[in-house]
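Biologist: I am new to this structure. Please take a close look at one part of it for me: the salt bridges. Where do they sit, and what do they join?

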Amino acid sequence: MRINSILEVSEANGPGKRGVVWVQGCARHCAGCFNQETQNPNKGKDISIDEILSHFNTDVLEGITVSGGEPFDQPADLEKLLKKAKLKGLNTLVYTGYSYEELADRLSQVLKLCDYIIDGPYIKDWPSKCRWAGSGNQRFLELENGKIKKDLTVGKEYCQTAEIIIDESGNAIVTGFIENQLIL
């Protein structure tokens, strides 16, 4: 899988403690994208699915989040990653610039492996109230067997959040949203 980066533990990229994978490559190129460095498919690095999952301690994590770039631009690898994550007992959340409806027919097998998706193109000037969505048009959807079970977008428990993580080398990683501002 072509990836940009991995974060071993996060609480700002989906419900509960999660491992996060940012894929590399996106054909959508949303105006104002806040992850522009993940768009070029020739950047990043190729890593096996097993190597990606080896970064995550499944004893402490509840799930994994796959963001990007555009995860659904790598459907075969995304499917393998989600299958293996589920075998390890992790729930799955995928960010996508496509709408659920755009994916439902052509990638239904991959959607069946998603517990949650955040769908829709990023729109810079449309503030989100949802803790994990980047813009106000995006939906936070709970899926069951590839179908929408519940739209969680406006739930009060999903208001905005951000986190600062200091790694062993003293590097700061800031991720999430505060007051409709993206924190990278």
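Modeller: Here is a walk through the salt bridges, pair by pair. Keep in mind that this is a predicted model. Across the whole structure, a search finds 8 salt bridges. I will take some of them in turn.

Start with Arg-2 and Asp-46. Their side chains meet in a salt bridge, with N to O at 3.0 Å. The two residues come from distant parts of the chain, 44 residues apart. Arg-2 belongs to strand β1, which covers residues 2-10. Asp-46 belongs to strand β3, residues 45-46. How open is Asp-46? Its relative accessible area is 58%. The cut-off for exposed is over 50%, so Asp-46 counts as exposed.

Next come Lys-84 and Asp-50. Here the side chains meet at 2.8 Å, again N to O, in a salt bridge. This pair sits on helices. Lys-84 lies in helix α2 (residues 75-87) and Asp-50 lies in helix α1 (residues 49-54). The partners are 34 residues apart in sequence, so the salt bridge ties together separate parts of the chain. Both ends are partly exposed. Lys-84 has a relative accessible area of 33%. For Asp-50 the value is 48%.

Now turn to Asp-119 and Arg-139. They form a salt bridge whose closest N and O atoms are 2.5 Å apart. This pair also links distant parts of the chain, 20 residues apart. Asp-119 is in strand β6 (residues 116-119), and Arg-139 is in strand β7 (residues 139-144). Is Asp-119 buried or exposed? It is buried, at 2% relative accessibility. The reason is the cut-off: buried means under 20%. Arg-139, at 22%, counts as partly exposed. This pair does not stand alone. Salt bridges with shared partners join Asp-119, Arg-139 and Glu-101 into one network.

Stay with β6 and β7 for one more residue. Asp-125 is placed in the loop between these two strands. Asp-125 is exposed, with 70% relative accessible area. In space, the C-alpha of Asp-125 is 8.7 Å from the C-alpha of Gly-32. In sequence, Asp-125 and Gly-32 are 93 residues apart.

To gather the threads: Arg-2 and Asp-46 link strands β1 and β3. Lys-84 and Asp-50 tie helix α2 to helix α1. Asp-119 and Arg-139 link strands β6 and β7, and both belong to the network with Glu-101.

Methods
Residues numbered from 1 in each chain as written. Predicted model: local features only at pLDDT ≥ 70, side-chain atom pairs only at ≥ 80, totals over all residues. Heavy atoms only, no water. Salt bridge = Lys/Arg side-chain N within 4 Å of Asp/Glu carboxyl O. Helix = DSSP H or I, 4+ residues; strand = E, 2+ residues; numbered from the N terminus. Buried < 20%, exposed > 50% of the residue type's maximum accessible area, 1.4 Å probe, protein only.
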